[in-house]
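Please look over the structure shown below, with attention to how its helices pack and to the surroundings of selected side chains.

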Amino acid sequence: MANRHSKLFPWIVWGLSALFYCYGFFQRVAPSVMVSDLMGEFGVSAAVLGNLSAFYFYAYAGLQLPIGVMFDHWGARRMLALAALLCGLGSLLFSMADGLAGAYAGRLLIGAGAGFSWVGTLQLAARWLPPNRFALVTGLTLMLGMAGAVGGQAPLAAIVEHAGWRGTMAWAAGFALLLAALIWLIIRDHPPTEKVTEPPVADVEGEAKSLLHGLKGTMANRQSWIVAGYGGALSATMLSFAGLWGVPYLMQAYDISRPAAAATTSLLLIGWGIGAPLAGWLSDRLKRRKPLMVLGALVALTTFSAVVYTPGLSLEAARVLLFINGVFSGSMVLCFAAAREHNRPETAGATLGFVNTFVMAAGAIFQPLIGWLLDLGWDGALAAGVRIYSVSTYRAAFLTIVVSGTVCLLMGLLMRETHCKNTTE
């Protein structure tokens with residue numbers, strides 16, 4: 001292990017925490033290649049499956065606001081190690097579930113653990129790495145998250161075909177437990193040159209009040225709602241289409257295998273992985289946030305609409321459009337930097353939690369909503385006891401994503417430019 005005083009060690013700290021975020025993203029999209037398996041195993045409809053997958057987001061989103069206090073009081077090392085342990089236990093429980101109750105509990109634990117990964121990684125990046133690289137490092141973190149998401153598509157689909165979803169999730173549990181051990185052994189909360197006084201237990205209540213005070217200030221700022229709305233609306237495509245319903249839709253629309261459909265949706269995620277750090281770097285260089293955010297929203301809305309609603313669109317063209325959608329959707333990462341710049345520096349933790357709650361809420365809302373709409377339009381078709389939905393039914397349900405994309409574009413237009421500076425100073 002690199003010495004804590006070496007130039008490499010800060011990147012090791014960031015990299016290990018970002019790897020946990022990568023794993024969390026893998027778990028976030030994993031159900032998308034198990035749709036028919038899970039529906040058949042538990043005998044459920046699309047609405048119930050959407051809700052099962054969304055349990056991850058319920059826990060994740062619900063934890064974003066208090067997470068700042070937890071990290072400040074107990075430190076990133078303790079919290080991230082515990083969070084990875086929760087992911088491992090949740091994945092193991094999910095792999096062994098013999099009914100919906102166990103599956104719900106497993107997804108809830110996975111989401112609760114993964115909920116610490118984003119804020120924890122950003123907090124460590126802010127402490128260990130240069131502050132003028134925050135937007136770029138945020139983009140790189142999201143890029144690693146997309147790498148995990150890609151791993152949860154075509155590669156996972158191929159593994160599930162051979163090992164089954166239960167065995168695959170059991171291996172995923174083992175990886176999370178290994179990650180928990182590595183985080184505990186390697187990560188440190190702050191650089192050795194930084195003097196930090198550990199807060200006593202009695203200060204938890206005071207820190208909670210401080211968080212609430214910061215959250216009150218964040219919520220009183222109209223720009224906070226606009227930027228958070230932008231982030232949540234732009235995330236809907238990735239979290240609901242690539243995260244769950246895109247694979248079965250593409251299998252139905254183009255009559256392709258599950259691995260091929262998963263490889264196609266992976267192109268959207270690969271685009272995100274490229275677009276996020278590129279947007280961060282370009283935004284920092286241009287000293288502008290708004291133009292890139294508006295352009296990203298516009299292209300994302302246009303390309304998704306073209307993929308789903310263009311008559312006779314070839315699979316090759318759909319793949320190109322999904323990749324472009326991902327590249328420009330990567331501008332979502334700028335909403336975190338913009339939100340920090342629209343609020344006082346001392347409320348940064350509350351602000352990041354507030355924005356991330358909106359982003360995760362997109363998955364919690366759209367996955368079950370689309371499932372409910374699919375059931376509403378179901379024509380009674382079955383295959384091996386599993387419901388089959390027509391292409392027209394999918395297209396009707398995906399109108400919700402088009403509406404979300406329109407809202408995202410509106411939020412981008414309403415946002416005030418920060419020029420990469422804190423506007424409250």
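## Packing of helix 1 against helix 8

In this predicted model, helix 1 passes helix 8 in a left-handed crossing. The two elements, helix 1 spanning residues 9-29 and helix 8 spanning residues 154-186, pack at an angle of about 150 degrees, with their axes 11 Å apart. Because angles over 145 degrees count as roughly antiparallel, helix 1 is roughly antiparallel to helix 8.

On the side of helix 1, the contact is made by Phe9, Ile12, Leu16, Leu19, Phe20, Tyr23, Phe26 and Gln27, while helix 8 contributes Leu156, Met169, Ala172, Ala173, Phe175, Ala176, Leu179, Leu182, Ile183 and Ile186. Sorted by character, the residues of this contact between helix 1 and helix 8 comprise 17 nonpolar, one polar and no charged.

## Surroundings of Leu142

Leu142 belongs to helix 7, which covers residues 134-151, and with a relative accessible area of 2% Leu142 is buried. When neighbours within four places in sequence are left aside, Leu142 is in contact with Tyr21, Phe25, Trp118, Trp272, Ala276, Met332 and Val333. As for one of these partners, Trp118, it is 24 residues from Leu142 in sequence, and the C-alpha atoms of the two are 8.7 Å apart in space.

## Surroundings of His342

His342 is located in the loop between helix 14 (334-341) and helix 15 (348-376). Is this loop residue, His342, buried or exposed? His342 counts as buried, because its relative accessibility is 2% and the cut-off for buried is under 20%. Not counting residues up to four places away in sequence, His342 touches Asn221, Gln223, Val227, Met415, Arg416, Thr418, Thr423 and Thr424.

How values were computed
Residues are numbered from 1 along each chain as its sequence is written. This is a predicted model: local features need pLDDT of at least 70, side-chain atom pairs count only at pLDDT 80 or more; totals for chains, interfaces and linings use all residues. Side-chain values use heavy atoms; hydrogens and water are left out. Axes are lines fitted to C-alpha atoms, for helices over the stretch in contact, and angles run from 0 to 180 degrees between N-to-C directions. Helices (H or I, at least four residues) and strands (E, at least two) are DSSP runs, numbered from the N terminus. Angles under 35 degrees count as roughly parallel, over 145 as roughly antiparallel, 65 to 115 as roughly perpendicular and the rest as oblique. A crossing is left-handed if the near helix is turned anticlockwise from the far one by less than a right angle, and right-handed if clockwise. Contact means heavy atoms within 4.5 Å. Ala, Val, Leu, Ile, Met, Phe, Trp, Tyr, Cys and Pro count as nonpolar, Asp, Glu, Lys and Arg as charged, and the others, Gly among them, as polar. Buried means under 20% relative accessible area, exposed over 50%, partly exposed in between (1.4 Å probe, protein chains only).
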